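Biologist: Before we talk through this model, I would like each descriptive term set against the criterion behind it. Could you show me the structure to begin with?

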Amino acid sequence: MAERAPDGWTRTEQGLWEAFRQGEVYDLRAGAIGPDNAPSAAPPDPPRAAGPRSGDPLDDPFGGAVWGPGRTVRAEVLAHLLLDGPPAAPGRVAALKLTGARVTGPLVLAGGTIGHYVEVHDCRFERKVLISEADAGTLRFVRCLIPRLEASRLTTSGDLHLARCRIAQGIRLTDSRIGTDLLLNQAVLGGDRFGRALSADGMAVSQDFEADRLESRGEISLRTVRVGGRLSLRGAQLHALPQNPVALNAVRLTVGHTLYLSGSMDGGWFSSGSYYGSGYGQVVPAGTPSTPFRAHGAVRLSDSRFDSACLITDAEFHLGPEDELALRRIQTPELRFTCRTPPTGKVALSRARVGNLVDAPDSWPHGRHLGLTGFTYECLRPAAPFGIRQRIAWLEGSAVEFQPESYEQLAAALRRDGADDDAREVLYAKQRRRRQTLPLPARLWGRIQDVTVGYGFRPGRAALWLLLAWALGSAYFATHELQPLKADERPHWNPVLYALGQLLPVVDLGQQGWNPGGTAQWVASGLVVVGWVLATTVAAGASRMLQRG
């Protein structure tokens with residue numbers, strides 16, 4: 001294999017050839033340009049080490065500065081180096097490390113084997129990059145302008161980095177296999193003709209998938225994607241297009257660790273040139289400048305699984321009338337839902353299964369925009385004060401009609417935390433909500449039960465009614481003395497004890513020798529019935545208190 005660049009290559013391209021053999025950075029940014037790009041057989045200039053000149057507006061790949069022939073490399077030259085490049089110089093490892101170049105023509109690497117390390121910084125690609133069905137090690141495109149990236153069924157043994165790139169017509173990564181990490185931090189993506197900014201259905205990422213502060217105009221499609229580590233969209237700004245109302249479509253997503261749909265502290269990005277950001281799992285302190293996750297359009301996460309947690313914190317969901325945040329049938333040990341402002345549309349959690357539910361009352365949507373059918377959770381861990389009245393209102397804010405299992409689920413979670421009183425409040429609310437669904441006669445009877453004994457959940461109310469019945473009964477019998485059962489036996493008459501004996505018929509208070517008749521008989525019978533109903537309710541309440549003790 002030749003150790004000189006092919007004939008017809010420009011002087012700039014010859015310099016890139018030698019830098020490739022040396023495995024060193026070839027820097028074409030302002031102040032580092034020497035060749036005039038004229039075809040020459042003269043030995044190329046030595047490779048130029050990268051310098052800290054990224055602040056120069058002449059080097060901005062997204063700016064309007066003209067990059068002339070001295071900064072131009074043909075895409076076919078890059079393809080030649082990567083697919084059929086020269087051997088490494090003795091004692092070196094060949095690699096493509098290019099900075100500040102204008103790449104003309106389409107870069108076609110589809111179906112090829114890229115055996116060399118690739119790192120391209122601050123470059124402008126005039127045509128799309130094609131690496132579909134290619135095999136590669138590590139590919140890093142950082143802060144590059146690329147019209148379109150086609151990489152379906154790409155396989156890498158290392159990373160794929162597209163951090164800070166601007167890709168106007170989007171990315172296709174369908175069915176690709178990323179050996180370690182995928183980075184899209186601070187990338188800016190536009191939509192293709194189908195309104196998709198990222199098409200990555202069926203993709204597998206062995207470790208982390210980071211897309212912090214990603215900006216998209218079009219759908220982010222991650223259907224059936226598998227991520228071995230974390231999937232982070234902290235501070236991302238997702239915008240659906242008119243022809244496609246979905247901002248994020250990640251149904252049947254599998255994440256081996258945690259999903260982050262959360263805010264990002266600004267200092268972690270703007271105080272340094274890093275495109276990795278700050279650490280994971282941090283809660284943005286109050287008053288700290290931060291950028292929330294924002295989705296302008298529908299978000300679909302149905303049937304997804306998150307092996308550690310799903311964190312939806314410091315997030316904004318700007319949903320249209322027909323849009324929703326779909327979390328149906330998700331499975332995760334912890335769901336954290338602590339948005340600073342509630343979503344403007346529906347949140348669907350039907351048949352989701354969660355371990356810890358960490359939430360706040362002001363994070364959920366209002367006006368029957370919440371779907372909780374079959375939603376199960378083990379423990380409630382509110383991130384802000386969440387009283388039982390607010391929790392019942394959250395439950396009754398469901399978008400569906402009365403569902404008793406939702407109340408039972410909430411009561412069971414409260415009992416597991418030892419909040420028996422709150423659990424009874426929930427079951428009491430269940431009975432009151434159920435009454436609204438019954439026919440008129442049943443509603444009337446339910447109303448009587450509610451007022452008198454609170455469906456058995458208000459023993460104190462029953463005790464008050466019991467005292468009232470005792471007082472009324474005593475007053476009646478004080479003016480209506482009864483006749484004895486036996487004329488020759490006349491026990492001492494005590495109207496107060498007699499009324500109490502009727503209310504508590506299992507207790508003998510020495511007033512059993514009287515024979516009520518007429519109206520008195522009806523009053524006595526009424527006291528017996530009221531006593532059985534109310535006394536048993538009071539006894540049940542006392543029994544529960546003793547059990548808790």
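Biologist: What share of the residues in the protein chain is buried?

Modeller: This is a predicted model, and in it 52% of the 549 residues in the protein chain are buried, where buried stands for a relative accessible area under 20%. The protein chain holds ten helices and 46 strands. Among its contacts with a separation of 6 or more, 55% are between residues 24 or more positions apart.

Biologist: Why is P106 called partly exposed?

Modeller: P106 has a relative accessible area of 32%, and the term covers values between the limits of 20% for buried and 50% for exposed, so P106 is partly exposed. P106 sits in the loop between β4 (102-104) and β5 (107-108). Its contacts, leaving aside neighbours within four places in sequence, are A75, R127 and K128, and its C-alpha atom is separated by 7.8 Å from that of E76, 30 residues apart along the chain.

Biologist: What makes α4 oblique to α6?

Modeller: Helix α4 (residues 388-396) and helix α6 (residues 420-435) pack at an angle of about 40 degrees, with axes 10 Å apart. Angles under 35 degrees would count as roughly parallel and those from 65 to 115 as roughly perpendicular, so with its angle falling in neither range the pair α4 and α6 is oblique. The crossing of these two helices, α4 and α6, is right-handed.

Biologist: Which residues of α4 and α6 meet, and how do they divide by character?

Modeller: From α4 there are I388, R389, I392 and E396, and from α6 there are D422, E425, V426, A429 and R433. The residues of this contact of α4 with α6 divide into four nonpolar, no polar and five charged.

Biologist: Why, then, are α4 and α5 called roughly antiparallel?

Modeller: The axes of α4 and helix α5 (residues 404-416) cross at roughly 150 degrees and come within 10 Å. Since the term applies to angles over 145 degrees, α4 and α5 are roughly antiparallel to each other. Here too α4 passes α5 in a right-handed crossing. On the α4 side the contact is made by I388, R391, L395 and E396, which meet S406, Y407, L410 and L414 in α5, and the residues of this contact of α4 with α5 divide into five nonpolar, one polar and two charged.

Biologist: How many residues are in the largest nonpolar core, and which have the most contacts inside it?

Modeller: The largest nonpolar core has 115 residues, and those with the most contacts inside it are F125, L198, F209, L222, I312, F317 and W394. Helix α2 (residues 75-84) supplies the largest share of this core, with six residues. Apart from this core lies another, of twelve residues, among them L466, F477, L503 and L527.

Biologist: What does L198 touch, not counting residues up to four places away in sequence?

Modeller: With those left out, L198 touches I171, L173, L184, L189, F209, E219, I220, S221 and L222. As a general point, nonpolar side chains tend to be buried together in soluble globular proteins.

Biologist: Where is G137, and what is in contact with it?

Modeller: G137 is placed in the loop between β10 (135-136) and β11 (139-142). Leaving aside neighbours within four places in sequence, G137 is in contact with I114, T156, S157, G158 and D159. The C-alpha atoms of G137 and G158 are separated by 5.0 Å, although these residues are 21 residues apart along the chain.

Conventions
Residues are numbered from 1 along each chain as its sequence is written. This is a predicted model: local features need pLDDT of at least 70, side-chain atom pairs count only at pLDDT 80 or more; totals for chains, interfaces and linings use all residues. Side-chain values use heavy atoms; hydrogens and water are left out. Axes are lines fitted to C-alpha atoms, for helices over the stretch in contact, and angles run from 0 to 180 degrees between N-to-C directions. Helices (H or I, at least four residues) and strands (E, at least two) are DSSP runs, numbered from the N terminus. A crossing is left-handed if the near helix is turned anticlockwise from the far one by less than a right angle, and right-handed if clockwise. Contact means heavy atoms within 4.5 Å. Ala, Val, Leu, Ile, Met, Phe, Trp, Tyr, Cys and Pro count as nonpolar, Asp, Glu, Lys and Arg as charged, and the others, Gly among them, as polar. A nonpolar core is a set of buried Ala, Val, Leu, Ile, Met, Phe, Trp, Tyr and Cys residues joined through side-chain atoms within 4.5 Å. Buried means under 20% relative accessible area, exposed over 50%, partly exposed in between (1.4 Å probe, protein chains only).
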